[in-house]
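Welcome, and thank you for taking a look at this protein. Let us walk through it together, one region at a time.

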Amino acid sequence: MRMLETKGLTKHFKGLRALNNIALSVGANEIVGVIGPNGSGKTTLFNLITGFLKPTSGEVVFESKHITGKGPHAIAQLGIARTFQLDRLFHEFTVLQNVAVASRLHSRIGFWEAVFNMPDYRTKYHDTWDYAQKILQFVGLDDKRDVMARNLSHGHQKMLGVAIALSANPKLLLLDEPCAGMNPKELNLALELISKIKERGISVVLIEHNMKAVMNVCSRIVVLNFGTEIANGSPDEVQKNEDVIQAYLGVTRHAA
């Protein structure tokens with residue numbers, strides 16, 4: 001069953017073709033990697049799927065619903081969440097507060113419930129904090145819950161970004177370079193977390209330059225170059241693809 005499909009997805013920026021006729025599919029409970037050199041269109045693809053950009057042409061379909069042109073909030077409510085290359089944390093908040101704030105955005109606490117401190121508001125308020133703590137336990141940051149976000153290591157800040165995205169209770173999670181800058185120990189923990197997310201029934205699309213991460217956790221990999229798909233297959237197939245080798249190394253196997 002296909003959870004997400006993009007059909008002929010294209011984006012131009014003042015004559016620059018950032019993405020050209022991309023047909024991406026993601027199945028239920030699947031981890032798909034999207035790789036390519038810098039500037040190949042990977043983050044543009046995420047921005048189009050999540051409504052941060054509108055396509056020049058083409059469409060995005062999620063669970064058989066056409067979501068092309070919808071705003072980020074509407075798309076998040078349908079069940080798509082994402083992380084970003086650069087963190088979007090509240091640096092003066094604790095780790096727990098960061099996740100709780102994100103959780104409350106999806107808790108549908110009513111304005112008048114909050115103003116008059118109604119019983120429903122108090123229940124939702126406490127549930128939000130409990131939910132945030134469970135997410136931190138899941139991602140392995142429970143022991144950091146009272147630490148200010150600004151004081152976390154780079155790797156832990158990346159993990160906190162994943163926790164915030166998970167607070168939306170997504171069906172599909174888009175991870176934009178979640179392993180960038182991690183040390184070997186943090187990388188192994190991140191890979192374990194991505195596998196655990198899949199085990200929870202959440203599909204994942206992973207943009208990542210770390211080839212160990214991509215090859216270890218992805219069942220299928222899509223390779224972009226200059227906004228165009230040049231390969232789509234298993235990790236083994238992609239590693240042997242001549243177009244991929246040339247895109248990354250600038251040479252072919254047969255070059256002198």
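Let us begin with Thr83, a residue in the loop between β7 (80–82) and α3 (95–104). Please keep in mind that what you see is a predicted model. Is Thr83 buried or exposed? Its relative accessibility is 8%, and because buried means under 20%, Thr83 counts as buried.

What does Thr83 touch, once its neighbours within four places in sequence are left aside? Thr83 is in contact with Gly161, Val162, Ala165, Leu174, Leu175 and Asp176. With Asp176 there is also a polar contact: a polar atom of the Thr83 side chain lies 3.0 Å from the backbone nitrogen of Asp176.

**The wider picture**

Now a step back to the whole protein. The protein has 10 helices and 11 strands. Of its 256 residues, 45% count as buried. Among the contacts with a separation of 6 or more, 66% are between residues 24 or more positions apart.

**Two helices**

Two of the helices can be set side by side.

| Helix | Residues in helix | First to last C-alpha | Expected span |
|---|---|---|---|
| α6 (154–166) | 13 residues | 19 Å | 18 Å |
| α7 (184–199) | 16 residues | 23 Å | 22 Å |

In α6 the span is close to the one expected at 1.5 Å a residue, and the span of α7 is likewise close to its expected value. The buried residues of α6 are Gly155, Gln157, Lys158, Met159, Leu160, Val162, Ala163, Ala165 and Leu166. You have already met Val162 and Ala165, which are among the contacts of Thr83.

Which residues of α7 are buried? They are Glu186, Leu187, Ala190, Leu191, Leu193, Ile194 and Ile197. These residues lie on the same side of α7, because they cover an arc of only 160° around the axis. A general point helps here: an α-helix has 3.6 residues a turn, so residues three or four places apart point the same way. On the face of α7 turned away from the buried side you will find the exposed residues Pro184, Lys185 and Glu199.

Leu189 also belongs to α7. With a relative accessible area of 40%, Leu189 is partly exposed, because that class lies between the buried limit of 20% and the exposed limit of 50%.

The two ends of α7 are worth a look too. At the N-terminal end, Asn183 acts as a cap, with a side-chain oxygen 3.1 Å from the backbone nitrogen of Lys185. Just after α7 comes Gly201, which takes a positive phi of about 90°.

**Two cysteines**

From Leu189 we can move to Cys179, which is 10 residues away along the chain. The C-alpha atoms of these two residues are separated by 9.8 Å.

How many disulfides are there in this model? With a limit of 2.5 Å between cysteine sulfur atoms, the count comes to 0. Cys179 is in no disulfide, and the nearest cysteine sulfur, that of Cys218, is 9.7 Å away. Seen from the other partner, the closest cysteine sulfur to that of Cys218 is in Cys179, and at 9.7 Å it is too far for a bond. Cys179 is buried, with a relative accessible area of 3%. Cys218 is buried as well, at 6%.

**A hairpin and positive phi angles**

Let us turn to a pair of strands. In which sense do β10 (residues 220–225) and β11 (residues 228–233) pair? Their pairing is antiparallel and runs over 5 bridges. Within this pairing, Val222 of the hairpin stands opposite Asn232 in β11. The hairpin has 2 residues between its strands, and Phe226 takes a positive phi near 50° there.

Two asparagines also have positive phi values. Asn29 has a phi of about 55° although it is not a glycine, and its place is the loop between β3 (25–27) and β4 (31–35). Asn29 counts as partly exposed, at 35% relative accessibility.

Asn169 has a positive phi near 55°, again in a residue other than glycine. Asn169 sits in the loop between α6 and β8 (172–176). Is Asn169 buried or exposed? Asn169 is exposed, with a relative accessible area of 58%.

Note on methods. Residues are numbered from 1 along each chain as its sequence is written. This is a predicted model: local features need pLDDT of at least 70, side-chain atom pairs count only at pLDDT 80 or more; totals for chains, interfaces and linings use all residues. Side-chain values use heavy atoms; hydrogens and water are left out. Two strands pair if DSSP finds at least two bridges between them. Helices (H or I, at least four residues) and strands (E, at least two) are DSSP runs, numbered from the N terminus. Buried means under 20% relative accessible area, exposed over 50%, partly exposed in between (1.4 Å probe, protein chains only). The expected span of a helix is 1.5 Å times one less than its number of residues. The arc is that of the directions from the helix axis to the C-beta atoms. A polar contact is a pair of N or O atoms within 3.5 Å; within protein, one must be able to donate a hydrogen and the other to accept it, and residues adjacent in sequence count only if both atoms are side-chain atoms. Contact means heavy atoms within 4.5 Å.
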